[in-house]
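Visitor: I am new to this structure, and I would like to know what the words used for it stand for. Could you take me through it?

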Amino acid sequence: MRRVYLDHSATTPVRPEVLEEMLPFLKEEFGNPSTIYSWGRQAKKAVEEARARVASLIGAQPEEIIFTSGGTEADNMALIGAAYANQNKGKHIITSSIEHHAVLDTAQYLMRQGFKVTFLPVTPEGLVRVEDVLQAITDGTILISIMHVNNEVGTIQPIREIGKVAREKGIIFHTDAVQSVGKIPVNVQDLNVDLLTASAHKIYGPKGVGCLYVRKGTRIQPLLHGGGQERKRRAGTENVPGIVGFGKAAELAGRELESEGRRLKALRDKLIEGVLARIEETRLNGDREQRSPINANFSFRYVEGESILLSLDMKGIAASSGSACTSGSLDPSHVLLAMGIPHEIAHGSVRMTLGRDNTEEDIDYVLEVLPEVVERLRAMSPLYNKGK
Ligand SMILES: *Cc1c(COP(=O)(O)O)cnc(C)c1O
């Protein structure tokens with residue numbers, strides 16, 4: 001049976017070139033980068049090379065990159081670190097209602113610590129409005145955190161414009177760019193951001209490593225205390241093989257950004273147009289234009305997203321309903337609800353996210369299997385039959 005992986009926003013496989021560069025650091029080059037003999041110096045050199053590669057992918061200086069255990073830790077560090085370091089100036093934070101849980105739950109944690117948080121609404125297309133950001137700003141606003149590309153519906157937020165507003169008001173601006181780095185152009189200067197989160201396993205690197213970009217001069221407090229690693233901003237012996245893998249993945253992603261972006265966009269459009277043409281009472285969630293090249297998110301009326309996933313799995317196709325973190329619970333996605341999609345329609349949603357390993361034949365296969373699956377499930381739905 002054909003196997004088609006369409007969940008690249010949940011995670012990606014480690015590229016062979018990435019694994020190749022990591023292996024020596026799991027074997028003979030096992031030194032601790034904080035030591036002064038040759039083992040340590042080799043490890044240190046590799047970490048610094050990776051730092052330069054990651055920095056280059058996002059237009060940053062190497063010393064502005066702090067390696068972390070992943071996107072989640074970087075989001076926590078950005079919000080908690082900036083909130084505590086700047087609370088003398090105010091206690092108000094602005095974010096959106098469609099953020100990843102690493103931001104949403106951290107914002108809620110900060111509310112329990114006495115900070116005030118505004119969760120901005122989004123348009124029915126899943127976009128934050130710059131005017132809403134402007135209106136929400138008060139004298140006490142110290143931090144704005146708006147994601148670059150949404151992980152569920154793939155919308156690309158107006159980060160540059162929001163960054164401009166934040167800069168004019170002297171407010172720290174963070175973006176969770178886990179779903180944009182390595183997929184669309186990301187440059188911290190163009191985007192006017194002070195803090196930016198990235199993660200290796202979403203760009204064909206290993207799991208358990210990511211980074212926070214911290215613009216020179218931006219005040220944040222460390223989350224982890226201990227050794228003096230990462231210029232005293234993130235204690236703990238470095239995950240050397242992981243960091244090396246992240247560096248290689250970043251280098252490759254930068255090199256192939258344009259060609260792979262173009263290829264995936266064409267596959268995405270074939271998938272979106274094919275599904276909408278073949279399956280009635282189906283909608284595409286998320287703006288059609290301001291959209292990640294890898295994302296297609298559909299709602300199929302009268303069926304459960306979970307049932308579709310199970311049927312697709314039996315045909316060798318992996319997709320997702322809502323985000324990986326919330327699947328397993330039966331609540332519809334907070335992102336779809338924030339976009340104003342009714343519960344019963346949000347329940348019938350499926351996200352397909354493309355990647356390097358996908359081909360035209362994969363899309364043809366999905367376009368053959370998916371209409372049959374939806375039709376069979378709808379045939380069993382009393383609601384669907386009543387309408388006929
Ligand atoms: C995956 C993801 C994260 C979490 O990154 P991890 O490295 O898995 O901790 C954060 N934000 C977004 C938008 C993501 O897609």
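Visitor: Why is Arg15 called buried?

Guide: Buried means under 20% relative accessible area, exposed over 50%, and partly exposed in between, with a 1.4 Å probe and protein chains only. Arg15 has 7% relative accessibility, so Arg15 counts as buried. A word on the source: this is a predicted model, where local features need pLDDT of at least 70 and side-chain atom pairs count only at pLDDT 80 or more, while totals for chains, interfaces and linings use all residues. Residues are numbered from 1 along each chain as its sequence is written, and side-chain values use heavy atoms, with hydrogens and water left out.

Visitor: Where is Arg15 found, and with which residues is Arg15 in contact?

Guide: Arg15 sits in the loop between β1 (4–5) and α1 (16–26); helices (H or I, at least four residues) and strands (E, at least two) are DSSP runs, numbered from the N terminus. Contact means heavy atoms within 4.5 Å. Leaving aside neighbours within four places in sequence, Arg15 is in contact with Tyr204, Leu252, Glu256 and Arg356.

Visitor: What makes Lys232 exposed?

Guide: Lys232 has 66% relative accessibility, and because exposed means over 50%, Lys232 counts as exposed. Lys232 lies in helix α7 (residues 229–232), and its phi is near 65°, a positive value in a residue other than glycine.

Visitor: Why is Tyr302 called partly exposed?

Guide: The relative accessible area of Tyr302 is 26%, which falls between the two cut-offs, so Tyr302 is partly exposed. Tyr302 belongs to the loop between β10 (295–300) and α9 (305–314). Phi of Tyr302 is near 75°, again a positive value in a residue other than glycine.

Visitor: How do you know that strand β6 is largely enclosed?

Guide: Five of the five residues of β6 (residues 172–176) are buried, so the strand is largely enclosed by the rest of the structure. Ile172, His174 and Asp176 point one way, and Phe173 and Thr175 the other way. In a regular strand the side chains alternate between the two faces of the sheet.

Visitor: What joins β5 to β6?

Guide: Two strands pair if DSSP finds at least two bridges between them. Three bridges join β5 (residues 141–145) to β6, so these strands pair, and they run parallel. Leu143 has Ile172 as its bridge partner in β6, and Ile144 stands opposite Phe173. Four bridges join β3 (residues 92–96) to β5, also in parallel, with Ile94 opposite Ile144.

Visitor: What makes the pair of Thr72 and the ligand a polar contact?

Guide: A polar contact is a pair of N or O atoms within 3.5 Å; within protein, one must be able to donate a hydrogen and the other to accept it, and residues adjacent in sequence count only if both atoms are side-chain atoms. A polar side-chain atom of Thr72 lies 2.6 Å from an oxygen atom of the ligand, so the pair meets the distance limit. Asp176 has a side-chain N or O atom 2.6 Å from a nitrogen atom of the ligand. For Gly71, a backbone N or O atom is 2.8 Å from a ligand oxygen atom.

Visitor: How many residues surround the ligand?

Guide: The ligand is surrounded by 13 residues, and Thr72, Asp176, Gln179, Ser199 and Lys202 are the closest; a residue is near a molecule or strand if one of its heavy atoms lies within 4 Å of it. Helix α3 (residues 71–85) gives the most to this shell, with three residues.
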